[in-house]
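This report follows charged pairs, nonpolar cores and strand pairing through one protein chain. Please keep the sequence and the coordinates at hand while reading.

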Amino acid sequence: MDRLPQELVIDILSRLPISTIMQSKSVNRAWRILIRNQVFVNMHFKRMVENDPSFILQIRDQPIQNQLYFGDFSSHPNDRNVTIITKKLIMLPLLANFHLVSSCNGLLCLRGTHRSLGLICIYNPFTRDSIELPKLIAKGPSHQVGVLGFGLDATTNKYKVVEVSYKRIYRASPSHVVRPVNRLASQIIAPSSIDSEVHILTVGNGILTRRNLGSFPFHFMCQKSQVLVNGKLHWISYPRGSKAYLAIMSFDLGNEQFKEVPRPDCISSDRQFHELVVLRRCLSAVCFDYDNEELEIWVMKEYDVKESWVKEFSIGTYLPKILQPDERESLDSSMLYMPKTCMRVLCQLRSGGILLEYKIKALFVYDPHCRTFQNFQLTFEGIPRCFTLAVHVVGLNWIDTFIEAP
């Protein structure tokens with residue numbers, strides 16, 4: 001290998017799975033330097049994007065609280081069968097009190113709980129690099145985090161964490177005056193409004209900055225997966241004080257501006273979208289058709305162009321086999337009832353199948369060509385009742401390369 005041009009060596013190594021690459025660090029010092037080369041990191045990540053997405057799954061049950069697993073899919077455009085392999089990841093002690101939030105460029109964003117409440121950690125589960133970030137806001141009984149976003153600003157090559165929090169504004173309410181137990185309890189203070197505040201933390205080139213971007217007149221609906229398209233984070237939102245009008249709001253990681261994105265025409269008084277997702281790099285919206293009992297997936301083929309919204313998939317009701325009662329095993333499972341709130345769309349595989357999650361317990365793939373379902377049996381230590389899952393593209397981004405000064 002020493003006699004080959006470096007460009008050829010990079011091309012060859014970039015085709016290897018990440019586990020093999022991590023083992024090759026032990027070959028010699030030259031290989032360790034090469035694997036940390038940003039050209040190699042970018043080429044390897046580009047190849048990973050072209051493959052089926054992987055996922056990171058975090059168990060939320062005792063006695064395996066917060067254990068991370070890596071899941072890898074294998075499918076082919078000409079083969080409808082999909083296989084999945086899960087692997088237990090080595091956990092760092094500092095991650096015991098962190099929950100999985102999102103993934104970007106091979107890096108995980110985790111939010112602190114319990115004793116680490118308010119802290120944020122960026123972690124690469126394969127290189128095992130990590131950095132613990134300071135709290136964005138001071139938490140209190142009237143201040144709570146709404147949503148958290150994480151992504152790369154391609155214009156500066158810096159990572160940004162965006163936190164939208166809600167602060168309850170309390171005002172004295174004369175109608176709630178009660179007999180005081182003490183002077184401080186002379187009257188009940190009731191929440192009269194909720195203000196949204198946007199905070200941002202930027203990491204890169206050896207500099208860590210945090211800023212308060214001010215208030216925002218919309219509230220965001222909590223969603224289980226991050227939606228990052230075209231360098232922008234996306235959330236479903238509604239104007240302050242009203243849930244009658246649902247909008248899609250984007251936050252540009254470059255200019256740090258919010259903007260409303262055109263909605264699909266499927267929206268009506270009896271049909272609202274309840275989830276955003278990324279399918280093959282396109283912004284997509286999920287809604288439920290109550291008349292036909294089908295889950296609809298609308299895809300924006302051309303970003304920010306309203307006319308490009310197309311209803312791409314309609315998925316009938318289904319209950320994964322792992323959750324079916326024994327006495328119903330003989331029934332046609334494709335006809336069993338499934339409420340819209342129980343199913344989450346995750347991603348689209350190279351075969352065209354749609355990966356879905358049911359009740360944070362089961363994974364299955366829907367084949368839109370044959371209109372059939374394929375169940376997966378995931379193996380863990382114990383039987384988890386609850387897990388968190390993030391679609392994850394494996395990457396070799398070394399955290400110290402963007403926290404060190406140039």
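In this predicted model, the side chains of Lys160 and Asp153 meet in a salt bridge, with 3.4 Å between N and O. Both partners are withdrawn from the surface: Lys160 is buried at a relative accessible area of 5%, and Asp153 likewise counts as buried, at 3% relative accessibility. A search of the whole structure finds 12 salt bridges, and two further pairs are set beside this one in the table.

| Pair | N to O distance | Relative accessible area |
|---|---|---|
| Lys160 and Asp153 | 3.4 Å | Lys160 5%, Asp153 3% |
| Lys232 and Asp252 | 3.8 Å | Lys232 18%, Asp252 17% |
| Asp265 and Lys306 | 3.1 Å | Asp265 61%, Lys306 36% |

The salt bridge between Lys232 and Asp252, whose closest N and O atoms are 3.8 Å apart, links distant parts of the chain, since Lys232 belongs to strand β14 (residues 232-239) and Asp252 to strand β15 (residues 247-252), 20 residues apart. Lys232 is classed as buried because its relative accessible area of 18% falls under the 20% limit, and Asp252, at 17%, is buried as well.

Is Asp265, the acidic partner in the pair with Lys306, buried or exposed? Asp265 is exposed, with a relative accessible area of 61%, whereas Lys306 is partly exposed at 36%. Their side chains meet at 3.1 Å, N to O; Asp265 sits in the loop between β16 (258-261) and β17, and Lys306 in the loop between β19 and β20, so this salt bridge ties together parts that are 41 residues apart in sequence. Elsewhere, salt bridges that share partners join Asp153 and Lys160 with Arg211 and Glu256 into one network.

The loops that hold Asp265 and Lys306 border strands β17, β19 and β20, and these strands belong to an open sheet of four, in the order β17-β18-β19-β20, with antiparallel pairing. Its edges are formed by β17 and β20, each of which pairs on one side only. Neighbouring strands of this sheet are turned against each other by 25° on average, direction ignored. Between β19 and β20, which run antiparallel, there are seven bridges, and Val299 has Val310 in β20 as its bridge partner.

The sheet strands also contribute to the largest nonpolar core, as two or more residues come from each of β17 (273-279), β18 (282-289), β19 (294-300) and β20 (309-316), and likewise from β21 (343-348), β22 (354-358) and β23 (362-367). This core has 20 residues, and those with the most contacts inside it are Leu295, Ile297, Ile315, Val345, Ile354 and Leu356. Apart from it lies another core, of 17 residues, which includes Ile236, Ile248, Val261 and Leu283.

A last nonpolar residue lies outside the buried class. Ile85, in strand β3 (residues 79-88), is exposed, with a relative accessible area of 60%. Because a nonpolar core is made of buried residues, Ile85, being exposed, cannot be counted in one. Leaving aside neighbours within four places in sequence, Ile85 is in contact with Phe70, Gly71 and Asp72. From C-alpha to C-alpha, Ile85 and Phe70 are 8.1 Å apart in space, and 15 residues separate them in sequence.

Technical notes: Residues are numbered from 1 along each chain as its sequence is written. This is a predicted model: local features need pLDDT of at least 70, side-chain atom pairs count only at pLDDT 80 or more; totals for chains, interfaces and linings use all residues. Side-chain values use heavy atoms; hydrogens and water are left out. A nonpolar core is a set of buried Ala, Val, Leu, Ile, Met, Phe, Trp, Tyr and Cys residues joined through side-chain atoms within 4.5 Å. Buried means under 20% relative accessible area, exposed over 50%, partly exposed in between (1.4 Å probe, protein chains only). A salt bridge is a side-chain nitrogen of Lys or Arg within 4 Å of a carboxyl oxygen of Asp or Glu. Two strands pair if DSSP finds at least two bridges between them. Axes are lines fitted to C-alpha atoms, for helices over the stretch in contact, and angles run from 0 to 180 degrees between N-to-C directions. Contact means heavy atoms within 4.5 Å.
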